[in-house]
Amino acid sequence: MVLVAIAALVTGVSVWFQKFPPSSATGDPSTDDATAMPASPPPPGALAQTPGGCIAGTGSVGAKSFLEAAAKAPHTTTGAVEVAGAYQRWGARSPWPTVAESEQVVKALAAPEADASITGLPKRMATLNAEGSIGDARLTLSDGRYIVESAARDDVVVSTAGTVIQNGQPVPDRAQTNTFTLTWKSGRWMLVSAHPTRSTEDLFTNGARFAGGC
C-alpha cells in the first residue's frame, strides 16, 4: 500500500513502480544500443558514448545537483538522455522534492512550449507533500534502460526506465518509466513534456543500458 501512494506522481515524473522484474532483462549493452537508436541518422556526435546514469551524483538527487548536471550536459543526444534520466531520479524520490525545489527546476528547465506535465510539477508536489512522504525511496539507473524514440540536432524524444530502492534495499519487481521530449534552447536541454508511452517490459527487454548508474 505504501508503494501505491507514489502513483499520484504519474504525469510529469513517471509511471511509478510498475511491476516487472528487471533481472529478467536480457541482451548485451552493445546490441541494445543498436536497438535504441532512432531510425533516421542521429545528429553529429549523437550517442558518441553511452549515456551515464550518475551525472547528478549518487543517492537521492536534489534540485541543486540536478540543475548543475543539466547545465553541463552536452548538445548531443547523449546529453539529452542523461538530462532525462537525471530528471527522473530527481522527481522520483521520497521524501518528495519541495515545492520550492520544483519551482526552481521548472523555472530553469521548462521550455517555453512545455505542457502541464512539466509546468504543473510544483502543484503536484504540493499535493504529495501535504499527503506526507512514504519514507526513504529513490530511483536508481544502475539497471536502467533507455530508448531514443527520435533525435534531431535540437530535439530529442527518449524513453527511460529505472528501478526502485526503498529503505536502502532494492525492490526487485518494481520499476518506473517515462517518455521525455527535450529541446535545446538557451544553451541547455530543456523539458517539453513527460508522458509514459512504453511499458516497463518493453523498455527492459529492448532498451539500452545506462553506463554505470546511481
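In this predicted model, the axes of helices α2 and α3 come within 10 Å of each other and cross at roughly 175°. An angle over 145 degrees counts as roughly antiparallel, so α2 is roughly antiparallel to α3. On the α2 side, the contact is made by A63, F66 and A70, and on the α3 side by V83, A86, Y87 and W90. By residue class, this contact divides into seven nonpolar, no polar and no charged residues.

Helix α2, which spans residues 63-72, also meets α4, with axes that come within 10 Å and cross at roughly 10°. Here the two helices are roughly parallel, because the angle falls under 35 degrees. A63, F66, L67 and A70 of α2 take part, together with E101, Q104, V105, A108 and L109 of α4. The residues of this contact comprise seven nonpolar, one polar and one charged. A63, F66 and A70 thus appear in the contact with α3 and again in the contact with α4.

Helix α4 has a further partner in α6. The two helices, covering residues 99-109 and residues 121-131, pack at an angle of about 165° with their axes 8 Å apart. They are therefore roughly antiparallel to each other, and their crossing is right-handed. V99, S102, E103 and V106 of α4 meet L121, P122, M125, A126 and N129 of α6. Six nonpolar, two polar and one charged residue make up the contact of α4 with α6.

Aromatic side chains come next. The structure holds six aromatic pairs. In the pair formed by Y87 and W90, the ring centres are 5.8 Å apart and the planes stand at 35°, so the pair is tilted. Both residues belong to helix α3 (residues 77-91), where a spacing of three residues separates them by about one helical turn. Y87 has a relative accessible area of 1% and is buried; W90, at 0%, is buried too. Ring pairs link Y87 and W90 with F66 and F180 into a cluster. Of these, F66 belongs to the α2 side of the α2 and α3 contact, while Y87 and W90 belong to the α3 side.

F180 and Y87 return in the surroundings of strand β6. This strand, residues 188-194, holds L191, whose relative accessibility of 1% places L191 among the buried residues. Leaving out residues up to four places away in sequence, L191 touches Y87, L109, A110, A111, A114, I118, F180, T181 and L182. L109 in this list is also one of the α4 residues in the contact with α2. A long-range relation is seen with V83: the C-alpha atoms of L191 and V83 are 9.1 Å apart in space, although the two residues are 108 residues apart in sequence.

S193 lies in β6 as well and counts as buried, with a relative accessibility of 11%. Beyond its neighbours within four places in sequence, S193 is in contact with D115, S117, I118, T179, F180 and T181. I118, F180 and T181 are therefore contacts of both S193 and L191, since heavy atoms within 4.5 Å define a contact.

Some features of the backbone also deserve a look. S94 and P95 are joined by a cis peptide bond, with omega at about 5°. P95 sits in the loop between β2 (93-94) and α4. Two residues other than glycine have positive phi values: N167, with phi near 50°, and S186, with phi of about 55°. N167 occupies the loop between β4 (155-166) and β5 (169-185), and its relative accessible area of 53% makes it exposed. S186 is found in the loop between β5 and β6 and is exposed, at 72%.

Taken as a whole, the protein has seven helices and seven strands. Their order from the N terminus is β-α-α-α-β-α-α-α-β-β-β-β-α-β. Of the 214 residues, 51% are buried. Among contacts with a separation of 6 or more, 75% come from residues 24 or more positions apart.

Key:
Residues are numbered from 1 along each chain as its sequence is written. This is a predicted model: local features need pLDDT of at least 70, side-chain atom pairs count only at pLDDT 80 or more; totals for chains, interfaces and linings use all residues. Side-chain values use heavy atoms; hydrogens and water are left out. Helices (H or I, at least four residues) and strands (E, at least two) are DSSP runs, numbered from the N terminus. Buried means under 20% relative accessible area, exposed over 50%, partly exposed in between (1.4 Å probe, protein chains only). Axes are lines fitted to C-alpha atoms, for helices over the stretch in contact, and angles run from 0 to 180 degrees between N-to-C directions. Angles under 35 degrees count as roughly parallel, over 145 as roughly antiparallel, 65 to 115 as roughly perpendicular and the rest as oblique. A crossing is left-handed if the near helix is turned anticlockwise from the far one by less than a right angle, and right-handed if clockwise. Ala, Val, Leu, Ile, Met, Phe, Trp, Tyr, Cys and Pro count as nonpolar, Asp, Glu, Lys and Arg as charged, and the others, Gly among them, as polar. Rings of Phe, Tyr and Trp (its six-membered ring) pair if their centres lie within 6.5 Å; planes under 30 degrees apart count as stacked, over 60 as edge-to-face and the rest as tilted.
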